[in-house]
Amino acid sequence: MKTPRFPALLVLSLGVLLGRAGAASAWQADLGNGTYQNPILHADFSDPDAVRVGDDFWMTASSFSHVPGLPILHSKDLVNWELVNYALPRLVPESAFATPQHGKGVWAPAIRQHAGKFWIYYPDPDFGIYVVTADDPAGQWSAPVLVKGGKGLIDPCPLWDDDGRVYLVHAWANSRANVKNALTLLELSADGTKVIDDFGYVINGDKLPGTTTLEGPKLYKRNGWYYIFAPAGGVGTGWQSVFRARNIRGPYEDRIVLAQGATPVNGPHQGALVDTPSGEAWFLHFQDKGPSGRIVHLQPVAWKYDWPLMGTGVATGAAKGDPVLTYRKPGLPVQPVAVPPTSDDFSAPVLGRQWQWQANPRADWYSLRAKPGALRLFAQPEPAPGNLYDAPFLLLQKFPAPAFRATTRLDAPAAGIQAGLMVFGYDYAWIGVRDGQVVQVTVKTASEKPVPTEKVVAGKVTGPVQLRVDVGPDAQCRFSYSLDGRTFTPLGDAFTASVGRWVGAKVGLFAAGASGYADFGPFVVEP
């Protein structure tokens with residue numbers, strides 16, 4: 001594999017990749033005794049898809065309108081994952097994503113390897129289906145190519161057949177196309193960039209009793225059978241179905257292979273079937289867990305009569321399995337514990353990969369060179385008075401665990417600037433400094449009719465302030481501050497983190513105002 005070539009926006013030091021030295025991870029799936037716990041990623045890597053190439057597993061996920069998009073994660077054992085790149089440094093069309101487009105942008109992608117290249121097909125429900133390619137998934141990806149334009153085309157997945165023909169299956173977004181619960185099959189040109197035939201609905205969920213919201217298809221071929229793995233029943237309450245046929249155009253027979261059963265894992269579905277070099281099979285899928293987002297689980301898979309058994313079905317032989325909560329790790333070489341990054345000491349020349357903006361960023365939003373060891377955010381005007389919901393310049397990352405603590409240092413900014421530590425969703429809250437005073441601000445229903453409340457500390461602060469949020473397993477967020485770096489004083493009422501449009505809550509930093517800047521010290525995430 002070639003030496004990775006990281007875009008300037010994305011490069012970071014090994015120290016940042018692994019997080020703050022000595023800090024425990026807020027969530028770790030590897031239990032250290034040959035077993036793992038689900039979820040393997042307690043973070044919002046929605047609609048995961050993965051592929052194995054040699055001894056390496058590569059995963060991508062939905063990223064909606066957050067930038068950079070299309071995260072690339074790498075693992076050698078399916079349990080320990082590192083975030084190593086993004087395939088989409090900026091969203092296209094550029095003009096459409098100059099401002100936040102909540103819930104739009106990159107929906108469920110598919111990643112494959114063919115003819116020595118890696119391919120990601122991803123949908124934008126407002127523009128169509130795109131493809132990007134790379135020789136090395138940890139390196140430079142191509143600019144997006146529009147394969148099929150149109151509204152409502154979502155969840156594409158390709159298959160290169162044995163005879164050289166290229167197929168792609170996709171679902172529909174009812175909000176754009178007035179079509180749902182159906183999967184369409186296309187044939188693509190040999191280079192995978194154009195549609196040469198449209199076979200229409202290959203599966204119509206309306207004709208299957210009890211099937212609703214059929215979407216997220218993944219297309220495979222095994223033992224002469226064509227398989228479409230597709231979730232149905234809705235994100236929070238659905239299940240995983242599998243369809244198979246001898247002819248790619250059908251007719252398909254189906255069965256449900258994974259459902260919640262007696263477990264706390266609601267709506268277990270939509271993900272990736274992968275195998276190991278020794279022939280084991282595994283299924284990666286998500287669970288919608290409210291403010292935590294769509295977190296990623298790993299299920300064992302066994303094959304019986306050319307049908308997959310999943311989860312508990314592997315042991316019991318049941319056609320419909322429940323998700324496992326703990327299980328033996330895949331039969332792969334033991335790997336060091338690895339998790340996506342969270343903490344950032346801002347010592348690298350670029351931001352850590354955990355950070356995303358709310359829209360395509362501008363170079364003048366921040367600097368990591370103006371003050372060594374600090375992140376300088378240049379204040380940007382609020383998009384609406386007293387409401388940051390549509391601010392593109394928020395620098396945020398996913399919730400990394402069911403409970404965690406985030407702490408940072410803020411050098412008191414000049415008058416006319418407000419800056420701080422934020423928890424963001426449909427509702428948002430922050431603690432920081434405004435006009436020399438420590439404040440805690442909560443804004444409910446920010447996306448509709450904002451209802452702000454605030455608490456202010458009497459007196460002025462002129463030096464650094466430590467800002468902290470403690471997030472509990474009930475999504476309760478408690479903000480506090482410290483003037484000496486040792487004793488933290490609570491400020492404001494407990495705030496319940498909320499989801500955003502198709503995403504979980506996020507935590508991060510901002511600076512708003514007509515001019516000036518705010519300097520932040522290390523951002524530390526702990527259990």
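A residue is taken as buried when its relative accessible area is under 20%, as exposed when that area is over 50%, and as partly exposed in between. In the predicted model described here, Asp-155 has a relative accessible area of 4% and is therefore buried. Asp-155 belongs to strand S10, and its phi is positive, at about 55 degrees, although the residue is not a glycine. Thr-213 likewise is not a glycine and has a positive phi, of about 50 degrees. The setting of Thr-213 is the loop between S13 and S14. With a relative accessible area of 35%, Thr-213 falls between the two cut-offs and so counts as partly exposed. Such backbone values are noted because most residues other than glycine have a negative phi, and most peptide bonds are trans.

Two cis peptide bonds may be described in the same context. The bond from Val-92 to Pro-93 is cis, its omega being near -5 degrees, and Pro-93 is placed in the loop that runs between strand S5 (82–88) and S6. The bond from Gly-250 to Pro-251 is also cis, with omega near 5 degrees. Pro-251 is found in the loop between strand S16 (239–245) and strand S17 (253–258).

The strand pairing was examined next. Strands of a sheet pair through backbone hydrogen bonds, either parallel or antiparallel. One open sheet comprises seven strands with antiparallel pairing, in the order S23-S26-S36-S28-S29-S30-S31. Its edges are formed by strand S23 (356–357) and strand S31 (451–456); each has a single partner strand, so that one side of each is left without a neighbour in the sheet. At the S31 edge, strand S30 (residues 437–444) is joined to S31 by six bridges, and the two strands run antiparallel. Within this pair, Thr-442 has Thr-453 of S31 as its bridge partner.

A further open sheet consists of four strands, ordered S6-S7-S8-S9, again with antiparallel pairing. S6 and strand S9 (145–149) are the edge strands of this sheet, each pairing on one side only. On average, neighbouring strands of the sheet are turned by 25 degrees against each other, direction ignored. Five bridges connect S6 with strand S7 (residues 117–124) in the antiparallel sense, and His-114 has Lys-117 of S7 as its bridge partner.

Strand S12 (residues 182–188) and strand S13 (residues 195–204) provide an additional antiparallel pair, held by six bridges. In this pair, Leu-188 stands opposite Val-195 of S13. S12 and S13 form a hairpin with six residues between them, and Gly-192 in the turn has a positive phi of about 70 degrees.

The open and enclosed spaces of the model were then considered. The largest pocket contains about 630 Å³ of space. Its lining is made up of 23 residues, and those nearest its centre are Tyr-220, Lys-221, Leu-273, Val-274 and Asp-275. By class, this lining comprises 14 nonpolar, three polar and six charged residues. At least two lining residues are supplied by each of strand S2 (49–53), strand S6 (110–114), strand S10 (153–160), strand S14 (218–222), strand S15 (225–232), strand S18 (269–275) and strand S20 (294–304). The largest contribution comes from S14, with four residues. S6 thus has a part in the pocket lining as well as standing at an edge of the four-stranded sheet.

Four cavities of 30 Å³ or more are found in a search of the whole structure. The volume of the largest cavity is about 90 Å³. The largest cavity is lined by 15 residues, with His-66, His-102, Gly-500, Arg-501 and Val-503 nearest its centre. Five nonpolar, eight polar and two charged residues make up the lining of the largest cavity.

Cysteine residues were also assessed. With a disulfide taken as a pair of cysteine sulfur atoms within 2.5 Å, the count is zero disulfides. Cys-157 has 0% relative accessibility and therefore counts as buried. Cys-477 likewise counts as buried, at 0% relative accessibility.

Key:
Residues are numbered from 1 along each chain as its sequence is written. This is a predicted model: local features need pLDDT of at least 70, side-chain atom pairs count only at pLDDT 80 or more; totals for chains, interfaces and linings use all residues. Side-chain values use heavy atoms; hydrogens and water are left out. On a 1 Å grid over the protein atoms alone, a cavity is a set of points where a 1.4 Å probe fits but cannot get out, and a pocket is an open set with protein on both sides within 12 Å along at least five of seven lines; lining residues have an atom within 4 Å of a point. Grid points are joined across faces, edges and corners, and a volume is the space filled by probe spheres set on the points. Ala, Val, Leu, Ile, Met, Phe, Trp, Tyr, Cys and Pro count as nonpolar, Asp, Glu, Lys and Arg as charged, and the others, Gly among them, as polar. Two strands pair if DSSP finds at least two bridges between them. Axes are lines fitted to C-alpha atoms, for helices over the stretch in contact, and angles run from 0 to 180 degrees between N-to-C directions. Buried means under 20% relative accessible area, exposed over 50%, partly exposed in between (1.4 Å probe, protein chains only).
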